[in-house]
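Hi,

Here is the structure I promised to pass along. Have a look at it first, and then read on for what turned up.

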Amino acid sequence: MQELVKEAYELFSHYDAPRPLDVCITCCMDPRDEERLASMKVNEIPLELLMEYNDEASSGDTPTTEIKHFFPRILEFMVKDSFPSHSEEICLGRFSPFKSCEWTEPELLFLRKFSTLLFTHYLQIYPIQDGMTPDAILIMFWRGDFDLDPILDAWLNNDSWQSVLNFKEFYFNGFVDENRNRLNNSFAEQSISLKLKSWLGS
């Protein structure tokens, strides 16, 4: 996974995040923290500061260059089992709405590689740390407008015992008992619930 982090820094290192950053500094993020975040080297940004930026209110349409600027550090924390958000499900929320026309082909290929490898990384852990579940990671990618099909294909092709146990956990506990059309996760929308139910039945 460290090679993935290295590749991310090489691919996105030339992007800047001009101020003001897309975060509320009127009543949410301290303006001094916003200034500090914008001026720091990406690989030196502390987890707490990135969490503050990620969790506070924004326009809902973060500039793509700003996303690319912070992405390597976000990825670096993720592979260390530290998601820069109070909930991993919303960690990549700034990617939505995803504008594919503003990403180069190598960058798009990298995002697909990143999503598949990160998910596979967590499939190899059972139980996943701090009560996190595979569907929480899938919801995270879904809310960031990532394509889930390659990720789910990777799960189908992973026959490790940890992956099998994670699948069992998801199958029996991932949906609301009284309604198998709804994921047992408050961050899940109906669309991803139905997609994962269909995937299980395919």
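Before the loops, a word on naming: a helix here is a DSSP run of H or I with at least four residues, and the helices are numbered from the N terminus. Also keep in mind that this is a predicted model.

With that naming, let's start at the loop between α6 and α7, which is where Asp145 lies. Asp145 isn't a glycine, yet its phi is positive, at about 65 degrees. How buried or exposed is Asp145? Its relative accessible area is 38%, and because the partly exposed class runs between under 20% (buried) and over 50% (exposed), Asp145 counts as partly exposed.

Now for the two helices on either side of that loop. α6 covers residues 134–143 and α7 covers residues 149–156. Two packed helices are described by the angle between their axes and the distance between the axes. For this pair, the angle is about 155 degrees and the axes are 11 Å apart. Angles over 145 degrees count as roughly antiparallel, so α6 is roughly antiparallel to α7. The crossing of α6 past α7 is right-handed.

There is another positive phi to look at, this time in Asp81. You'll find Asp81 in the loop between α4 and α5. Its phi is near 65 degrees, and Asp81 is a residue other than glycine. With a relative accessibility of 31%, Asp81 counts as partly exposed.

While you're in that loop between α4 (64–78) and α5 (105–123), check Pro97, which is found there too. The peptide bond leading from Ser96 into Pro97 is cis, and its omega is near 0 degrees. Which peptide bond has omega near -10 degrees? That would be the one from Tyr126 to Pro127, and this bond is cis as well. Pro127 sits in the loop between α5 and α6.

Last, the surface. Phe167, Tyr171 and Phe172 make up a nonpolar patch there, and together they have about 300 Å² of accessible area. Phe167 belongs to helix α8, which spans residues 161–173. The relative accessibility of Phe167 is 32%, so this residue counts as partly exposed.

If you open the model, I'd go through it in this order: Asp145 in its loop between α6 and α7, then the cis bonds at Pro97 and Pro127, and finally the patch that includes Phe167.

Cheers

Terms used
Residues numbered from 1 in each chain as written. Predicted model: local features only at pLDDT ≥ 70, side-chain atom pairs only at ≥ 80, totals over all residues. Heavy atoms only, no water. Patch = residues over 30% accessible without salt bridge, like charges linked within 9 Å, V, L, I, M, F, W, Y side chains within 5 Å. Areas by Shrake-Rupley, 256 points an atom, 1.4 Å probe, with all protein chains shown as cover. Salt bridge = Lys/Arg side-chain N within 4 Å of Asp/Glu carboxyl O. Helix = DSSP H or I, 4+ residues; strand = E, 2+ residues; numbered from the N terminus. Buried < 20%, exposed > 50% of the residue type's maximum accessible area, 1.4 Å probe, protein only. Axes fitted to C-alpha atoms, helices over the stretch in contact; angles between N-to-C directions. Parallel < 35°, antiparallel > 145°, perpendicular 65-115°, else oblique. Left-handed = near helix turned anticlockwise from the far one by under 90°.
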